[in-house]
Amino acid sequence: MKESRSYQKGSVDKICLVHQTPGIHRTILAMPTGSGKTHTAMLYVARARKAGVKGVLFVVHRDELKQQVKAYDPDIIVENIQTLVSRETFPDAQLVIVDEAHHYAAEKWSALFAAYPNTRMLGLTATPVRADGRSLGSRGMWQRMVVGAQYPALVKAGHLVNCKVVRPDSYLGSNLAEKPVKAYLEHTPGEQGFVYVRYVEDAESLSGDFKIAGVTSEVIHGDLAMDERRARVQRFKDGKTTLLINVHCLTEGVDVPQASVCILARGCGHPSTYLQMTGRVLRPHASKSHATLIDLPGVSHLHGLPLIARDYSLEHGIRQAGDKSIS
C-alpha cells in the first residue's frame with residue numbers, strides 16, 4: 001500500500017471515534033475527488049481487522065473499481081450493488097464499505113441498509129448530497145459524517161492542482177458565452193480534457209467541429225456498449241484522443257491525472273454534479289502545473305469556484321463556506 005497522508009490517517013481516527021458511540025454504526029466519509037477515499041477506506045479496514053473484524057464487503061456501482069480494491073486487499077469481498085439487489089443475496093460481513101455513498105438513498109439501492117441493519121458501515125463520497133434533495137440521514141440511513149479534507153488544504157499540500165477558471169461575468173442559463181471549439185483553441189490548445197454537454201446529438205456535432213479544427217475527440221454516453229465505452233476511455237488514457245465529449249457520463253470514478261481541461265458546455269443545476277465534473281481534472285500530474293475550467297454558461301457563479309472550502313452535513317448536503325478561492 002502506498003504511503004498514507006496525514007489527513008487520511010486522521011480521518012480513520014475520527015471514524016473509529018464515531019463508531020465508539022453506542023448505536024452509531026453508519027458513517028459517511030466526505031473528501032474531495034482525488035484525495036484518496038479508497039486508500040483511506042483501506043486504512044480503516046486494516047484497523048478494523050486488527051480489532052478482530054472478519055468478513056469485509058466493499059460495495060461499488062462501477063466494475064472499474066473492483067480491481068482497484070482487490071489490488072489493495074485480495075481478501076475483501078467486492079460486489080456490484082446492482083448485482084446484490086437483483087439477486088437479493090447479500091454475503092455475510094462484519095464491515096461494509098460503500099463507494100459513492102450518496103447514491104444509496106435511492107429506493108432500490110437502499111435495500112443494502114435493510115440487509116445489514118446493525119452492521120458497521122463506512123460510506124465514501126466527494127459529494128454528500130442528492131439532486132432530489134433527499135437527506136442522506138433520512139430513514140435511518142447514514143448517521144454521522146466525517147469530513148476528511150478540504151480543497152484549499154489539498155492544493156496547498158500538492159495533492160490537487162490549482163484551477164484557472166475562464167467564465168462569463170454572470171450566469172447565462174441555457175446560453176453559452178462562446179462556442180466550445182473557439183474557447184478551447186483560445187485558452188487550452190493541445191491540452192487533454194473533458195467536455196460536458198447535455199444531448200448525444202450535440203456531442204456528435206461538437207465532435208465533428210473539433211475534427212474540422214484538427215482536434216481529436218470521441219463521444220461517451222450511456223447508450224454505448226460497455227466494451228466500446230471502455231475502448232474510448234482507454235484511447236484517451238493512452239493519449240490517442242485529446243478530448244472526451246460526455247453526455248451524462250464520466251462524472252464519477254474516472255482517473256486520468258494528465259487531463260487538465262474541463263469544458264462545461266451545459267448547465268448544471270446541482271453542486272454535486274458540478275464538483276464531480278470539475279474534479280476530473282484536479283489530480284496532479286508531471287505534465288501540468290494547473291487545471292483549467294472553461295465554464296461557458298457561468299455555472300460557477302451558482303456553485304462557487306472549484307477550490308473553495310465547503311460546508312458538508314447529512315441534512316443540507318453541500319454549501320459554500322466562503323467567497324475566497326485558491327483559484
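Visitor: What makes a residue in this model count as buried?

Guide: A residue is called buried when its relative accessible area is under 20%. In this predicted model, buried residues make up 54% of the 327 residues in the protein chain.

Visitor: Why does the radius of gyration agree with that of a compact globule?

Guide: For 327 residues, a compact globule would have a radius of gyration near 20 Å, and because the protein chain has 20 Å, the value agrees with that expectation. Along its principal axes, the C-alpha trace spans about 60 × 45 × 35 Å.

Visitor: What share of the contacts with a separation of 6 or more comes from residues 24 or more positions apart?

Guide: Contact means heavy atoms within 4.5 Å, and among contacts in the protein chain with a separation of 6 or more, residues 24 or more positions apart account for 75%.

Visitor: What makes β13 and β14 count as paired strands?

Guide: Two strands pair if there are at least two bridges between them; strand β13 (residues 310–313) and strand β14 (residues 317–320) have four bridges, in the antiparallel sense, so the pair satisfies the criterion. One of the bridges joins Ser313 to its partner Gly317 in β14, and the two strands form a hairpin with three residues between them.

Visitor: How many positive and negative side chains are there, and how far apart do the centres of the two sets lie?

Guide: With Lys and Arg taken as positive and Asp and Glu as negative, the protein chain has 40 positive and 32 negative side chains, and the centres of the two sets lie 6 Å apart.

Definitions and conventions:
Residues numbered from 1 in each chain as written. Predicted model: local features only at pLDDT ≥ 70, side-chain atom pairs only at ≥ 80, totals over all residues. Heavy atoms only, no water. Rg over C-alpha atoms; globule rule 2.2 N^0.38 Å. Buried < 20%, exposed > 50% of the residue type's maximum accessible area, 1.4 Å probe, protein only. Charge placed at Lys NZ, Arg CZ, Asp CG, Glu CD.
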